[in-house]
Amino acid sequence: MKTSKILSAGIMLVIMMLGNFSYAQKTKMVGGAAMYPNKNIIENAANSKDHTTLVAAVKAAGLVETLQGKGPFTVFAPTNAAFDKLPKGTVETLLKPENKAMLQGVLTYHVVSGKWSAADVAAAIKKGGGKAEVATVQGGKLWFMMNGKDLWIMDEKGGKAKVTIADVNQSNGVIHVIDTVLMHK
């Protein structure tokens with residue numbers, strides 16, 4: 001009887017440890033902060049020091065409530081360094097209240113309906129013979145392609161962004177961190 005209690009306690013301990021290990025595997029670090037899969041896109045992005053420009057833009061565009069919604073959404077999240085690549089003054093201009101509609105267009109061009117994991121994107125690329133086209137929430141199109149093991153996204157203007165961190169799972173979708181701001185026509 002005593003042995004079975006010890007065995008049961010040991011099994012419970014292993015199950016709890018595996019559960020914690022599994023949960024830890026799903027949590028990714030982005031911008032020095034843990035991105036928890038049980039939090040929504042805004043709750044997580046707000047903690048990333050690499051996404052302060054994106055978060056400020058989402059707030060200025062009035063999209064916080066939308067990206068806290070049920071989703072699911074796939075967000076291609078440009079880093080601060082990606083925004084820094086834009087011509088000088090672009091971000092400041094977009095953040096002005098009179099340019100809210102333009103800013104919304106830029107930001108929603110980085111969002112796709114549904115939850116597209118890197119595996120889903122790779123499968124679509126394979127099915128498309130090396131390239132996959134997807135419609136954005138903004139109404140434009142993006143194209144996915146692989147270069148070696150790297151996932152790339154091409155925008156409507158021919159610009160390319162590399163996915164630097166894939167599959168950052170959220171309660172309402174997934175974020176893929178990118179190194180360049182995508183631009184629509």
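**Strand β9 and the seven-stranded sheet**

In the predicted model, strand β8, spanning residues 160-170, and strand β9 pair in the antiparallel sense over five bridges. The two strands form a hairpin, with two residues between them, and within this pairing N169 of β8 stands opposite V174 in β9. Strand β9 also pairs with β3, which comprises residues 73-78; here the sense is parallel, and the pairing extends over six bridges. In this parallel arrangement, the bridge partner of A77 is V177 in β9.

Strand β9, residues 173-178, is mostly covered, six of its six residues being buried. Both of its faces are covered: G173, I175 and V177 are buried on one side, while V174, H176 and I178 are buried on the other. Thus V177, the bridge partner of A77, and V174, which stands opposite N169, belong to opposite sides of the strand.

These pairings are part of an open sheet of seven strands with mixed pairing, in which the order is β4-β3-β9-β8-β7-β6-β5. The edge strands are β4, residues 111-113, and β5, residues 132-135, each of which pairs on one side only. Neighbouring strands of this sheet are turned against each other by 30° on average, with direction ignored.

At the β5 edge, the pairing with β6, residues 141-147, is antiparallel and runs over four bridges, and W143 in β6 is the bridge partner of E133. Helix α8, residues 118-127, lies across β5, β6, β7 (150-154), β8 and β9, and runs at about 90° to β6.

Terms used:
Residues are numbered from 1 along each chain as its sequence is written. This is a predicted model: local features need pLDDT of at least 70, side-chain atom pairs count only at pLDDT 80 or more; totals for chains, interfaces and linings use all residues. Side-chain values use heavy atoms; hydrogens and water are left out. Buried means under 20% relative accessible area, exposed over 50%, partly exposed in between (1.4 Å probe, protein chains only). Two strands pair if DSSP finds at least two bridges between them. Axes are lines fitted to C-alpha atoms, for helices over the stretch in contact, and angles run from 0 to 180 degrees between N-to-C directions. Contact means heavy atoms within 4.5 Å.
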